[in-house]
Structure formats: C-alpha cells, structure tokens
Amino acid sequence: MAVSYRKLWKLLIDRDMKKKDLRIAAEISTNALAKLGKNERVTTDVLDRICLTLNCDIGDIMEIVNNEDLI
C-alpha cells in the first residue's frame, strides 16, 4: 500500500493554485512539498496545515492505493 496525493494536485488545479502558492499559504517547507510530489509520507502536521489552508478534509487531498496504481 502507498500514499497518493493526486487528489491534492487536482484540487490545486481546480482552485487555480500552484504548488508554490500552497507552500507559502500553508507555511510548509520545500522539503515537505517535494515529498508530496513524490508521493512520500509526510507528517500529519503538514497534512493538517494543507487541509486548514484549503478548507478541506484529509480525504480530499490524499488516498491509500496499491503500489501498482502509482505507476
């Protein structure tokens, strides 16, 4: 099982936001943003900041998928 942040990237597109805009608004590090881009695990603090910034639920930005689905 793996983490996928495809929902987050789609949400940013819908809201006409760039990754850099999210990083600044949510006050997350460039390292955390890079991990999100690689579908790597990040702390719940980072996820919480993103959800508060985008006014959404955790299920709106991430999902757990089979490893084969990330290819």
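Student: Where does Ser 4 sit in the chain?
Tutor: This is a predicted model. Strand 1 covers residues 2-4, and Ser 4 belongs to that strand. The place asked for is strand 1.

Student: Is Ser 4 buried or exposed?
Tutor: The cut-off for buried is under 20% relative accessible area. Ser 4 has a relative accessible area of 0%. That value falls under the cut-off, so Ser 4 counts as buried.

Student: Which residue's side chain joins that of Ser 4 in a polar contact?
Tutor: The contact runs from side chain to side chain, at 3.1 Å. On one side is Ser 4, in strand 1. Its partner is Arg 6.

Student: In what order do the elements of the chain run?
Tutor: The chain holds 4 helices and 2 strands. Read from the N terminus on, the order is β-α-α-α-α-β.

Student: How many Å separate Asn 66 and Ala 2 in space, C-alpha to C-alpha?
Tutor: Asn 66 lies in the segment after strand 2. In sequence, Asn 66 and Ala 2 are 64 residues apart. In space, C-alpha to C-alpha, the figure is 6.0 Å.

Student: Why does Asn 66 count as neither buried nor exposed?
Tutor: Buried means under 20% relative accessible area, and exposed means over 50%. Asn 66 has 38%, which falls in between. Therefore Asn 66 is classed as partly exposed.

Student: What share of the chain's contacts with a separation of 6 or more comes from residues 24 or more positions apart?
Tutor: Count the contacts in the chain with a separation of 6 or more. Then take those between residues 24 or more positions apart. Their share is 67%.

Student: How many salt bridges does a search of the whole structure find?
Tutor: Side chains of opposite charge can pair when their charged atoms come close. One such pair here is Asp 45 with Arg 49, at 3.2 Å, N to O. Another is Arg 49 with Glu 27, at 4.0 Å. For the whole structure, the number of salt bridges is 2.

Student: How many residues apart are Arg 49 and Glu 27?
Tutor: The side chains of these two residues meet in a salt bridge. Arg 49 is in helix 4, residues 44-54, while Glu 27 is in the loop between helix 2 and helix 3. The pair thus links distant parts of the chain, and the separation is 22 residues.

Student: Which helix holds both Asp 45 and Arg 49?
Tutor: The two residues are 4 apart, about one turn of the helix. An α-helix has 3.6 residues a turn, so residues three or four places apart point the same way. Asp 45 and Arg 49 both lie in helix 4.

Student: Which residues do salt bridges with shared partners join into one network?
Tutor: Arg 49 meets Glu 27 in one salt bridge. Arg 49 also meets Asp 45 in a salt bridge. Through shared partners, the network is made of Glu 27, Asp 45 and Arg 49.

Student: Which class of accessibility do Arg 49 and Asp 45 fall into?
Tutor: The class between buried and exposed runs from 20% to 50%. Arg 49 has 32% relative accessibility. Asp 45 has 42%. Both values lie in between, so Arg 49 and Asp 45 count as partly exposed.

Student: Is Glu 27 buried or exposed?
Tutor: Glu 27 sits in the loop between helix 2 and helix 3. Its phi is near 55°, a positive value in a residue other than glycine. Its relative accessibility is 61%, and over 50% is the cut-off, so Glu 27 counts as exposed.

Student: What is the relative accessibility of Asn 55?
Tutor: Asn 55 is in the loop between helix 4 and strand 2, residues 63-65. Phi of Asn 55 is near 55°, a positive value in a residue other than glycine. Asn 55 counts as exposed, with a relative accessibility of 70%.

Student: Which residues of helix 3 are buried on the same side of the helix?
Tutor: The buried residues cover an arc of only 100° around the axis, which puts them on the same side of helix 3. What covers them includes helix 1, helix 2 and helix 4. The buried residues are Ala 32, Leu 33 and Leu 36.

Student: What radius of gyration does the chain have?
Tutor: The chain has 71 residues, and a compact globule with that many would have a value near 11 Å. The chain agrees with this, at 11 Å.

Methods: Residues are numbered from 1 along each chain as its sequence is written. This is a predicted model: local features need pLDDT of at least 70, side-chain atom pairs count only at pLDDT 80 or more; totals for chains, interfaces and linings use all residues. Side-chain values use heavy atoms; hydrogens and water are left out. Buried means under 20% relative accessible area, exposed over 50%, partly exposed in between (1.4 Å probe, protein chains only). The arc is that of the directions from the helix axis to the C-beta atoms. Contact means heavy atoms within 4.5 Å. The radius of gyration is taken over C-alpha atoms; the globule rule is 2.2 Å times the number of residues to the power 0.38. A polar contact is a pair of N or O atoms within 3.5 Å; within protein, one must be able to donate a hydrogen and the other to accept it, and residues adjacent in sequence count only if both atoms are side-chain atoms.
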